[in-house]
Amino acid sequence: MSNNRRWRGRVFIGASLDGFIARNDGDIGWLTTPPPGRDHAHIDSSRPALDWQTFFPSVDHVVMGRSTFDTVTGFDEWPDMWAGKSVIVLSRSLPLETEHVTVARSVDDAVALLDEDGSREVYVDGGQAIQSFLRAGLIDEITISWAPVLIGSGRRLFETLNEDVLLTLRGSHTTETGMVAATYDVTPPRIIDSRRL
């Protein structure tokens, strides 16, 4: 694993208020097409979180898990939606010769590819990929948009971590669809450890 990486790992994701990013079958309709008819309050913020139009153009590489890959390849916009970005898919079973992407068998393999390719800003997407990169200390920024819905079960955004991950709030705002977005900086483990001494 790279100790002197020159790139930042960044998360931009939506989740239900109870912490799920998809239903068990992978459906995200509750997130992408919320039901109309609710009159959400609009709360102004002097320091808004990142939005997609600001975030996505700033990244040069995307790392996603296999489930996320399977979901996005079903969109009409695939693969044009990732034009200009290098895409790495973490998968033990996807063929290495998969079109439009580079397949990495492990986080270590993905890190080696990112280092070799001179990455700067890396968008990490999908629950398993985010969790793996967090456990490895490779996430520097997290933007989460919490949707105003409880879905009760599904694929969790966060699972068990080896230790606490401290976050520093950078900005937040609400959207017309009632989502509450927040951007956090992740405190590097070495800084946490030095504070404990």
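The exercises below concern two acidic residues of strand E6 and a pocket in a predicted model.

Residues are numbered from 1 along each chain as its sequence is written, and side-chain values use heavy atoms, without hydrogens and water. In this predicted model, local features need pLDDT of at least 70 and side-chain atom pairs count only at pLDDT 80 or more, while totals for chains, interfaces and linings use all residues.

**Exercise 1.** Find where Glu121 lies, and explain why Glu121 counts as buried.

Solution.
- Step 1: Glu121 is placed in strand E6; strands are DSSP runs of at least two residues, labelled E and numbered from the N terminus.
- Step 2: Glu121 counts as buried because its relative accessibility is 17%, and buried means under 20% relative accessible area with a 1.4 Å probe, protein chains only.

**Exercise 2.** Which residues does Asp125 contact beyond its neighbours within four places in sequence?

Solution.
- Step 1: Contact means heavy atoms within 4.5 Å.
- Step 2: With those neighbours left aside, Asp125 is in contact with Phe12, Ile13, Val63, Met64, Gly65, Thr68 and Ile130.
- Step 3: Asp125 itself belongs to strand E6, residues 121–125.

**Exercise 3.** Determine whether Asp125 is buried or exposed, and which side chain of opposite charge is nearest.

Solution.
- Step 1: Asp125 is buried.
- Step 2: Arg155 is the nearest side chain of opposite charge, 11 Å away.
- Step 3: Asp125 has no salt bridge, a term for a side-chain nitrogen of Lys or Arg within 4 Å of a carboxyl oxygen of Asp or Glu.

Notes. Helices (H or I, at least four residues) and strands (E, at least two) are DSSP runs, numbered from the N terminus. Buried means under 20% relative accessible area, exposed over 50%, partly exposed in between (1.4 Å probe, protein chains only). Lys and Arg count as positive and Asp and Glu as negative; His and the chain ends are not counted.
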